[in-house]
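User: Could you walk me through some charged pairs and a helix packing in this structure? I would like the reasoning along with each result.

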Amino acid sequence: MMVLTAKQEQSTTPELSMPVSNMKDAKVAYIMSAFPALTETFILYEILMMEQLGVTIEVFPLRRLREGVVHPEVAQLAGKVHFLPYISFSIFWAQLHFILHRPLAYLKVLLEILGGTFGSANFFFGALAIFPKAVRFAYDMECQKIRHIHAHFATHPTVAALIIHRLTGIPFSFTAHGSDLHVDRRMLDKKVEAAAFALTISSFNKEIMVRECGEASRDKIRIIHCGVDPEVFSYHPRTDYDEPFQILSVAAFKDVKGHKYLVEACRILREQGVDFVCHLVGEGPLWTSVEAQIAEAGLQDQIILHGACPQGEIVRMLSEADVLALASVPTQQGKREGIPVVLMEAMASGLPVVASALSGIPELVEDGRSGILVPPRDSHALANALRWLREDSALRQRMGQAGRAKVIQEFNLSANTAERARLFLGGIPEVS
């Protein structure tokens, strides 16, 4: 496959049919569980792209995160992020406002939320915790003349959006991603029914939602992929193929990411005499256990733990890697990946990827064309795929080119964000 020129790449990018001028008077509120979350860069960059398109965004997180590493772009949203404690005088005043002015709506939505979440400790006590804050958000959004509300994740953020909708009538939508949909679908049918429309990031997820909510919901559920900016994650084919082979994995240290299977695959590669270095980027609750596994296997010289890194550092590491590996697994609790954005970032950078054949991942990674898919929890298959790519630099280049073309066409941040904006501001278009 020939390398795409800049002109050829531009021609493959979907055109945006809504001019920015049509969006300049729009005001959309985003709700998410926490902000700023280093592992949820797709939300941050979607919001920034919305603003580039002319949509005014206000951000209403349910929790404030204080992480050691923060993407510098967060500063661009200064003054637009509305943090609230769980209880305060202003929150109490908002309850009183709606009790006095819309008592029936307040009581009905309180009973709806508590009744709908009863039976799930996570949802029930979560609903109790966020209800007062969501009521205050409702008051603030009315004052700010918010036109549309969008919640990321089908769990507590969508519960908050539903509360606000019931109290104010402001239309809302939500995006279902991965574990927020796969583990507990409490009230999902009610959320879809009340929403102007629902989004999800894969066909795999859409079928789960339709089975849960009924066939009548199919036309209301739209698939819009998350996306990345192919100009930020640009194509830099590596020409220095000297040893060692550079493996990169960017993932939070959680069960669903399957780090232990990647570490075991690295042990197998060393036994087979493959000269490699594996870079693990991220942090999380399993850091200590992964570190211990690396030490027990004597892989301290082959596996480097980098901790959390901002996007600029990730871009640099992708440009220096030979392959991106992600050993995702379904957990005992039922958690699964959606379509990991880091796979899009790697493919946009011209890297071949090795990933698990799981959930929506095959909708991004075409096995044998843009990467290699392996069964979850199969360290030997993972090691074999990495060794295959190590031994065939031409295959790596072909897969990297095919992957970048796939991202530009279907997982393009600009085009996919514009499609969300059209839905936010123009109602529900016909389903193709």
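User: Lys406 and Glu410 are four residues apart in helix α15; about how many helical turns separate them?
Analyst: Happy to start there, bearing in mind that this is a predicted model. Helix α15 covers residues 393-410 and holds both Lys406 and Glu410. Because the two are four residues apart in that helix, their separation is about one helical turn.

User: What do the side chains of Lys406 and Glu410 meet in, and at what N to O distance?
Analyst: In general, side chains of opposite charge can pair when their charged atoms come close. A salt bridge needs the nitrogen and the carboxyl oxygen within 4 Å. Lys406 and Glu410 do meet in a salt bridge, with an N to O distance of 3.2 Å.

User: Is Lys406 buried or exposed?
Analyst: The cut-off for buried is a relative accessible area under 20%. Its partner Glu410, at 33%, counts as partly exposed. Lys406 has 12% relative accessibility, so this residue counts as buried.

User: Which residues are joined with Glu215 into one network by salt bridges that share partners?
Analyst: One link is the salt bridge between the side chains of Arg218 and Glu215, at 2.5 Å from N to O. Arg218 is partly exposed with a relative accessible area of 25%, while Glu215 is exposed at 53%. Through shared partners, the residues joined with Glu215 into one network are Glu207 and Arg218.

User: How are α4 and α6 oriented, roughly parallel or roughly antiparallel?
Analyst: Helix α4 spans residues 103-117 and helix α6 residues 156-168, and their axes lie 9 Å apart. They pack at an angle of about 155°, and angles over 145 degrees count as roughly antiparallel. Therefore α4 is roughly antiparallel to α6.

User: How do the residues of the contact of α4 with α6 divide into nonpolar, polar and charged?
Analyst: On the α4 side the contact is made by Ala105, Tyr106, Val109, Glu112 and Ile113. On the α6 side the residues are Val159, Leu162, Ile163, Arg166 and Leu167. They divide into eight nonpolar, no polar and two charged.

User: What is the distance between the closest N and O atoms of Glu112 and Arg166?
Analyst: This pair links distant parts of the chain, with Glu112 in helix α4 and Arg166 in helix α6, 54 residues apart. Glu112 is partly exposed at 22% relative accessibility, and Arg166 is partly exposed at 34%. The two form a salt bridge whose closest N and O atoms are apart by 2.9 Å.

Conventions: Residues are numbered from 1 along each chain as its sequence is written. This is a predicted model: local features need pLDDT of at least 70, side-chain atom pairs count only at pLDDT 80 or more; totals for chains, interfaces and linings use all residues. Side-chain values use heavy atoms; hydrogens and water are left out. Axes are lines fitted to C-alpha atoms, for helices over the stretch in contact, and angles run from 0 to 180 degrees between N-to-C directions. Angles under 35 degrees count as roughly parallel, over 145 as roughly antiparallel, 65 to 115 as roughly perpendicular and the rest as oblique. Contact means heavy atoms within 4.5 Å. Ala, Val, Leu, Ile, Met, Phe, Trp, Tyr, Cys and Pro count as nonpolar, Asp, Glu, Lys and Arg as charged, and the others, Gly among them, as polar. Buried means under 20% relative accessible area, exposed over 50%, partly exposed in between (1.4 Å probe, protein chains only).
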